[in-house]
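User: Please take a close look at one helix in this model. I would like to know how it sits in the fold.

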Amino acid sequence: VSRTRVVIIGGGVSGLTCAHELAASHDVLVLHDSELMETTSAIATAIWHVYLVDPNDLSVLRWSEATLHRLLVLADGDNSAGVTMVEGVELFRAGSSHEPTWASIPPMFRMLTAKDLERYPGTSWGYEIAAPLIDMDLYLPWLESACLNRGVQFERHHVTSLGEVFDGKDSVVVNCSGLAARELVGDTTLQPVRGQYLIVEKDESAPANYVGDDDHPGGMSFMIPRVNDVCIGGTEEYGVSTMEFVADEDDMLKRAGEFVPWLQKTKPRVIRRVVGLRPYRPEGVRIEAERTDDGIVVHNYGHGGSGVSLSWGCASDVVNLVEAALPS
Ligand SMILES: Cc1cc2nc3c(=O)[nH]c(=O)nc-3n(C[C@H](O)[C@H](O)[C@H](O)COP(=O)(O)OP(=O)(O)OC[C@H]3O[C@@H](n4cnc5c(N)ncnc54)[C@H](O)[C@@H]3O)c2cc1C
């Protein structure tokens with residue numbers, strides 16, 4: 001099979017993962033209009049989970065499972081990828097107790113019993129889980145260099161229309177522009193869900209396990225210990241797209257500390273205040289090929305709060321769509 005040029009718009013986790021997979025058999029060029037560490041992907045906390053995507057969508061389950069397997073291999077082997085395993089509890093105060101549709105995917109999952117929940121007053125159900133934790137400060141540079149090793153080329157360039165990218169009938173364009181697909185392809189169903197969180201200093205008494213308190217009355221709360229620091233959050237703000245950190249820090253630390261004795265005893269130093277926009281698409285992640293007047297576009301955007309967790313599975317579907325679109 002002859003190698004074809006494939007242009008990818010977007011150098012976040014979606015674009016890079018697709019570039020890595022497509023470069024096995026094609027010449028890949030990634031166009032990106034921001035630096036790698038300024039993308040939304042760089043801001044992800046990032047735990048493998050199914051959030052702000054439809055847990056009843058069979059494709060979501062397939063993508064998340066495929067990605068989990070890739071991440072487990074990385075957690076087991078290559079330290080430089082920044083993937084480790086973390087255990088934690090996810091607690092809920094609303095809705096009826098139910099086993100999530102994806103419960104069989106992670107290596108360890110257990111619904112909390114009534115006895116377990118006594119430790120978390122105010123919550124009504126929850127689960128214990130082991131999942132990959134992806135440190136994006138390490139993971140994105142690792143992924144970028146894996147792409148470079150496969151010959152992927154990168155060019156800093158702002159694309160104003162898909163038409164400008166096509167250079168001939170045989171090229172295929174992959175659209176991994178994240179939330180910016182709103183402007184690029186006019187998809188007004190995409191909306192930002194802003195997230196704010198703190199990265200704080202870790203000391204030897206910091207816990208090893210994470211705690212998510214998803215519907216705390218003061219707002220979604222979590223404490224995620226990473227290798228070098230701890231993420232404390234957060235917020236879930238629909239339709240808000242400004243990038244200032246405006247959350248009440250003390251309240252955020254107090255909420256996240258409700259079931260974390262470490263945070264009740266210590267006031268850790270804040271290293272960074274983080275703000276990002278999750279590319280939420282109520283109609284679901286858009287992965288499809290579209291035939292335009294200029295050529296074929298394979299879309300891959302709208303991953304909500306799970307873009308990292310779905311990345312390898314989505315890239316695999318993108319590869320299949322690109323192969324199907326190429327002239328045989
Ligand atoms: C606070 C927060 C916490 C999160 N936590 C998690 C988590 O724990 N687990 C998880 O799986 N996910 C998490 N996410 C979600 C995850 O970050 C996103 O789903 C994911 O990063 C989307 O990746 P992407 O590559 O599609 O988009 P982006 O990372 O936004 O990348 C888009 C790329 O397209 C480029 N681009 C856009 N428009 C153009 C254009 N016109 N021309 C050229 N280039 C263009 C940009 O420069 C960029 O390179 C979190 C998000 C936030 C905000």
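Analyst: Buried means under 20% relative accessible area, exposed over 50%, and partly exposed in between (1.4 Å probe, protein chains only). Helices (H or I, at least four residues) and strands (E, at least two) are DSSP runs, numbered from the N terminus. The model is predicted: local features need pLDDT of at least 70, side-chain atom pairs count only at pLDDT 80 or more, and totals for chains, interfaces and linings use all residues. Residues are numbered from 1 along each chain as its sequence is written, and side-chain values use heavy atoms, with hydrogens and water left out.

The part chosen here is helix α2, residues 58–76. Its buried residues are V60, L61, W63, S64, T67, L68, L71 and L74. Seen down the axis of α2, these buried residues fall within an arc of 160° (taken from the directions from the helix axis to the C-beta atoms), so they line one face of the helix. An α-helix has 3.6 residues a turn, so residues three or four places apart point the same way.

The buried residues of α2 pack against β3 (83–92), β5 (125–134), α4 (136–149), β14 (286–291) and α8 (307–325), where contact means heavy atoms within 4.5 Å. On the face turned away from the buried side, α2 carries the exposed residues L58, V73 and D76.

With 19 residues, α2 reaches 27 Å from its first C-alpha to its last, close to the 27 Å expected at 1.5 Å a residue; that expected span is 1.5 Å times one less than the number of residues. At the start of α2, a side-chain oxygen of D57 comes to within 2.8 Å of the backbone nitrogen of S59.

Notes:
Polar contact = N/O pair within 3.5 Å; in protein donor to acceptor, adjacent residues only side chain to side chain.
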